[in-house]
Amino acid sequence: STEVLEQDTSFNSVGFRLYLGDYLEERGLESSLAYRHYLEAYEQAKKLKDSLLICESLKRMVNHVNDNGKNHQLLDTLSNRYDAYAFDTFEKDLARLHRNRAESLIESIPLIEEFMATAASAERNGNLAVLAYCKKLIGVKYDVYSKTIEGRSRNENLLSAISYYDEAAQLYARYKPSYFEKHERVGILNNKAIVFDFMKQYDSAKTYFLLVKDLIDSNDFDNQVIYHQWLAEHLRLVGNHDSAYQHKATELKLRRESHTKQIDVSIAEINTKYETEKKELENLRLKADYQKVERNNRTYIVAAVSL
């Protein structure tokens, strides 16, 4: 039961919390509920003094804040905690990467040199997971800040973005389990299509959008939304306005469905909380009635003895 789980600080309970959070995240369900499970896992892991479980919880919390909001203060706090608990070269490299990412978001500047230094450290330590993620984020930085990086033309930055996306895709193929490798690969292909649109190489962009269409899973919500959002923009750029409208409508439909799911989960939580509180109040009432009867019985006994 949930009550037993709340009181259980065992390894199994922490693992179950992480599993529940991952389940909700992967399916695009209630994101705040996923974060709550990660937070519970973190608090329980601290009681166990288990550095591995603490890091597993914190890295999920950091990723969640990175992906779902602009709470830079929380991101800074979580990144510092993760850095403090990192216990081996893999965790230290990953914590450093998250630190770079947090600083980049907080300061609104690319900090590409810092990401490259982290990538070099990960490569020296053989951390393919960190290296792949780092290469992907460097590509994102060259992409997002293509107009503002000094000393380079926008086209040079966009070409660099594509190069780093390619390196990341190759690394993901080497270490990721099939589902996650596919998810990351689709995300990178989406990014490459967007970059080619920025470069006005519309035929190349179309090629990558077709690759995404063939690879994307129906339950990969994040990539589905990005695909329809940017394919709509691509079709608008090439003058196919009817199809652009259809894909934009699909994007908005997906976002609405996600919002509805979040509302449904929130309502279910409220109902559960209401029923729990109602049961607790009923138990308190029954306990009070029982204590009243006990007091009356004791009064009768004392009165009878005194007679």
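Is Arg99 buried or exposed? In this predicted model, Arg99 is buried, with a relative accessible area of 13%. That value falls below the 20% limit under which a residue counts as buried. The side chain of Arg99 nevertheless has a charged partner: Arg99 forms a salt bridge with Asp76, and the closest N and O atoms are 2.6 Å apart. The pair links distant parts of the chain, since Arg99 belongs to helix 6 (residues 89–107) and Asp76 to helix 5 (residues 72–85), with their positions 23 residues apart in sequence. Asp76 itself counts as partly exposed, at 28% relative accessibility.

Before further detail is read from the model, its confidence should be considered. The protein chain has a mean pLDDT of 79, and 77% of its residues reach 70 or more. Among the elements of the chain, the lowest mean pLDDT, 48, belongs to helix 1 (residues 2–7), whereas the highest, 92, belongs to helix 11 (residues 202–215). Over residues 1–6 the pLDDT stays under 50, and the model has seven contacts beyond four places in sequence for this stretch. Residues 302–307 also have a pLDDT below 50, and here the model shows zero contacts beyond near neighbours in sequence. Where pLDDT is low, the predicted coordinates should not be read in detail.

The pair of Arg99 and Asp76 leads to the wider set of charged contacts. A search of the whole structure finds 12 salt bridges. One of the residues involved, Arg60, has two partners that can be described in turn. With Asp22, the side chain of Arg60 meets in a salt bridge at 2.9 Å, N to O. Arg60 lies in helix 4 (residues 51–68) and Asp22 in helix 2, so this pair ties together parts that are 38 residues apart in sequence. Asp22 is partly exposed, with a relative accessible area of 22%. With Glu56, the side chain of Arg60 meets in a salt bridge at 2.7 Å, N to O. In this case both residues lie in helix 4, four residues apart, which is about one turn of the helix. An α-helix has 3.6 residues a turn, so residues three or four places apart point the same way. Asp22, Glu56 and Arg60 are joined by Lys59 and Glu91 in a network of salt bridges.

Helix 2 (residues 11–26) also contains Tyr19. Tyr19 is partly exposed, with a relative accessible area of 49%. Together with Phe16 and Tyr23, Tyr19 forms a nonpolar patch on the surface, and the three residues have about 310 Å² of accessible area together.

Two further helices may be examined through their spans and their buried residues. Helix 3 (residues 31–48) has 18 residues and reaches 26 Å from its first C-alpha to its last, close to the 26 Å expected at 1.5 Å a residue. Its buried residues include Leu33, Tyr35, His37, Tyr38, Tyr42 and Gln44. Lys49 follows helix 3 and has a positive phi, near 55°.

Helix 12 (residues 221–237) can be read in the same manner. Its 17 residues should span 24 Å at 1.5 Å a residue, and the end C-alpha atoms are 24 Å apart, which agrees. Among the buried residues of helix 12 are Asn223, Gln224, Tyr227, His228, Leu231 and His234. Just after helix 12, Gly239 takes a positive phi of about 90°.

Definitions and conventions
Residues are numbered from 1 along each chain as its sequence is written. This is a predicted model: local features need pLDDT of at least 70, side-chain atom pairs count only at pLDDT 80 or more; totals for chains, interfaces and linings use all residues. Side-chain values use heavy atoms; hydrogens and water are left out. Helices (H or I, at least four residues) and strands (E, at least two) are DSSP runs, numbered from the N terminus. The expected span of a helix is 1.5 Å times one less than its number of residues. Buried means under 20% relative accessible area, exposed over 50%, partly exposed in between (1.4 Å probe, protein chains only). Patches are made of residues with over 30% relative accessible area and no salt bridge: like charges are joined within 9 Å, nonpolar side chains (Val, Leu, Ile, Met, Phe, Trp, Tyr) within 5 Å. Accessible areas come from the Shrake-Rupley method with a 1.4 Å probe; for residues, only the protein chains shown count as cover. A salt bridge is a side-chain nitrogen of Lys or Arg within 4 Å of a carboxyl oxygen of Asp or Glu. pLDDT is the predictor's confidence in each residue, from 0 to 100. Contact means heavy atoms within 4.5 Å.
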